[in-house]
Structure formats: C-alpha cells, structure tokens
Amino acid sequence: MDKPLMQVRNVKKYFPVDKGLFGKKTGTVHAVDDISFDVYEKETLAIVGESGCGKSTLGRTLIRLLDATEGTAHFEGRDIFSLSQNELRQLRKEMQIIFQDPFASLNPRMKVSDIIAEPLITHESLGKKEREDRVAELMELVGLRKAYGSRYPHMFSGGQRQRIGIARALALHPKFIVCDEPVSALDVSIQSQIINLLQKLQEQNNLTYLFISHDLSVVRYFSDRIGVMFLGKMMELGPTEEVYRQPLHPYTKFLIAAAPVPDPRSRNQEKLILEGDIPSPLRPPSGCRFHTRCPYVQDICKSKEPEIQQFDGRSVACHFPLV
Ligand SMILES: Nc1ncnc2c1ncn2[C@@H]1O[C@H](COP(=O)(O)OP(=O)(O)OP(=O)(O)O)[C@@H](O)[C@H]1O
C-alpha cells in the first residue's frame, strides 16, 4: 500500500442544537464522534452507512468546509485543523469536493466555461488565453464538448452536470477529492459512466478519493477499502473485498445483506433482521451505539463502548466481532 496522505485522529464534529426559548442550546448532535483512520495515496476509501450517520459531516470536516470540534487531521504532515487562513487557501487547491446534486452545486446563471474557470480565477493568476485553454482541456478530460462551454447548467442532463462538477473539482490539480454521493442522484446506467470516469481520472492524475455512499453495491467494485459508519462512529474498516467476504461487525453484515444488487455468493447468507429505528444522534445509546438494533447484543454491549480491535489490516469496534 502507498503511504498515508491523510492521518485522521480522534476527530469529532458536534453540532449544537438550539431550538429552546431564546435560541438556547438544547442539545448536541454527535455527528462524527471520535474517528481515526488513514487515507493512503491513490486509494479510494469508501465511507458507507445509513442516512444521518455522519458521512458527509466527516468528509466536509476533513477538507475544512466544517471546523472540527476536536481531533487532528494531518495532510502530508500538516495538521489541517490548525492552519492559518492563508495556509488554508493553499490547501484548498489540493482538496476538493464533488457533490451529490450537481444541479444544486452549479450556479444556474453562469455559463459552464465560467463555472469551470471560477477556481482558476480565484487561485491562479493565468492569462485569459491560458485559462481558456485549461477550461477546454478540463472539458475534454471529463468528456464534454468544448462547444458546450457557452451553455448554462439547465441545458445539460444529470450525468453531464456531474461531469461539469468533476471538471471544476479538477481545475486546480487536487490530490484529494471527497466524492459525496456523486452518483446517487443519477440513473443506474449513468452511474457506471461517472464511476468509470472517476476511475480513469484517478489513474491519470494520481488522485485519492474519499467516496461517500449509502449504497454498498455502488462502492463494491471500485473502492480499495471501505469504512462503515453508524451514528457518528466508525464500526469497521478494511479492504473492500475482505469486508464483503467476511464482515466483522454485525452492522456491516446487515448492510451487505440489505444491498440491492443480489450477490450469488451471499444467497445462502444468514438473514439479519435489525430491530428498531436508528437512535437519535442527539442522545446516542450508552455502550455500543449499535446495541439497540444488534441481533447479537449482550449485557456488556449496553454499558461499555467497544475498543477498536485490529485484525490483520482490518479494524472493528465490536465486543463480539464475527471472526
Ligand atoms: N449543520 C448542522 N447542524 C445540525 N445538525 C447537523 C448539521 N449537519 C448535519 N447535522 C446532523 O448530523 C448528523 C449527520 O449528518 P450527515 O449529513 O453528516 O449524515 P450522512 O451520513 O451524510 O447522511 P445523508 O446520507 O443523509 O447525507 C445528522 O443527524 C444531521 O442531522
């Protein structure tokens, strides 16, 4: 494996909730709650989990679109949570994000060529001709015809709009890209085109992806490793194929069993039925956060938070891993 590009240690992101009288703080959402992992150069690390488990908050915190509550994240040796505004400006070139809904993230009043040129104008001092050439190059890279540059976002299909978002994200030659559910809003046939494009761009540009998805069938065939989140915690992390073949955490086993694409090898897998709703991140359960839904729950799970155990390049936060 390549060396770590990012080392994330004990990162927390809490949101105060003020719905009380006079905007008084009435609680805290534990969106990301003490998460540690490494992201290796040129890998695709998928982060999966049900809606609201903190995937987007984690991704946004790691590229400093959100300020962490606690913890550190070293990117090529620099703790990105303690950078000055000026240093942060430099860092922004190296870290980008691709959003789920390309339409919402593209300014409808701007021409596509201006949308793609925007980061170049903000961060680079290129002449007009150089900038136009770079925009044309980026459009070609993502499979958009140069002539489309004078059109507006509403004139494009969802897949093409996502290509525009990807071109803009690539404009400054980033190393690390958070892909936040980039194909969830697209038709299945278009999803594979965009995933193929992301893979091609990764190879050509040595990109590292943190790929956020609620859909395990999407990430299976192209992520190198997979991290499974539940209520702000990382429950399991390991090489994708190994995690699918033998999930160590009951929650991972449930997610794989519930994934929409049938896997012939998993047909005989024990059916797991999860009891209850996802608990509130405002008042996470004591002990293991998953214990209220876990079919294998035992007394210790209700009172003691599991330590993270390491198994040969894999990690799991469970008192009774499925080894
Ligand atoms: N700005 C905010 N203020 C308060 N709570 C927030 C804020 N942003 C996110 N949350 C809460 O933090 C928790 C994690 O949200 P997040 O969007 O990171 O989850 P997610 O796993 O990405 O879900 P989804 O797939 O639905 O986007 C949720 O309970 C959410 O309501």
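**Strand pairing, core and ligand shell of the predicted model**

Strand β1 (residues 4-17) and strand β4 (residues 70-75) are joined by five bridges and run antiparallel. Within this pair, Met6 has Phe75 of β4 as its bridge partner. The model described here is predicted. The two strands belong to an open sheet of four strands, ordered β2-β1-β4-β5, in which the pairing is antiparallel. The edges of this sheet are taken by β2 and β5 (78-79); each has a single partner strand, so one side of each is left without a neighbour in the sheet. In general, strands of a sheet pair through backbone hydrogen bonds, in either a parallel or an antiparallel sense.

The secondary structure of the chain comprises 11 helices and 12 strands. The radius of gyration is 21 Å, close to the 20 Å that the globule rule gives for 323 residues, so the chain is as compact as a globular protein of that length. Along the principal axes, the C-alpha atoms fill a box of roughly 70 × 55 × 40 Å. Of the 323 residues, 37% count as buried. Among contacts with a separation of 6 or more, 65% are between residues 24 or more positions apart.

A second set of pairings involves strand β7 (residues 176-180). This strand is mostly covered, with five of its five residues buried. Side chains in a regular strand alternate between the two faces of the sheet. In β7, Phe176, Val178 and Asp180 point one way, Ile177 and Cys179 point the other way, and all are buried. Strand β6 (residues 95-98) pairs with β7 in the parallel sense over four bridges, and Ile97 stands opposite Val178 in this pairing. Strand β8 (residues 208-213) is also parallel to β7, to which five bridges join it. Here Val178 stands opposite Leu210.

Leu210 and Ile177 also appear in the description of the nonpolar core. The largest such core has 76 residues, and those with the most contacts inside it are Ile116, Ala167, Ile177 and Leu210. When neighbours within four places in sequence are left aside, Leu210 is in contact with Val39, Leu45, Ile47, Gly59, Leu62 and Val178. Of these, Val39 lies within the range of β2 (27-40), and Gly59 and Leu62 lie within that of α1 (55-62).

The ligand is surrounded by 13 residues, of which the closest are Phe15, Ala31, Ser51, Ser56 and Thr57. Two elements, β2 and α1, give two or more residues to this shell. The largest share, three residues, comes from α1. By residue class, the shell divides into five nonpolar, seven polar and one charged.

Towards the end of the chain, Ala317 is placed in strand β12 (residues 314-317). Ala317 is buried, with 23 other C-beta atoms within 10 Å; the cut-off for a buried residue is 20 or more. Apart from neighbours within four places in sequence, Ala317 is in contact with Lys233, Met234, Met235, Pro306 and Ile308. One of these, Met235, is 82 residues from Ala317 in sequence, yet the C-alpha atoms of the two are 5.0 Å apart in space.

Key:
Residues numbered from 1 in each chain as written. Predicted model: local features only at pLDDT ≥ 70, side-chain atom pairs only at ≥ 80, totals over all residues. Core = buried A, V, L, I, M, F, W, Y, C linked by C-beta atoms within 7 Å. Buried ≥ 20, exposed ≤ 12 C-beta atoms within 10 Å, placed from the backbone. Contact = placed C-beta atoms within 7 Å. Near = placed C-beta within 6 Å. Nonpolar A, V, L, I, M, F, W, Y, C, P; charged D, E, K, R; others polar. Pairing = 2+ DSSP bridges. Rg over C-alpha atoms; globule rule 2.2 N^0.38 Å.
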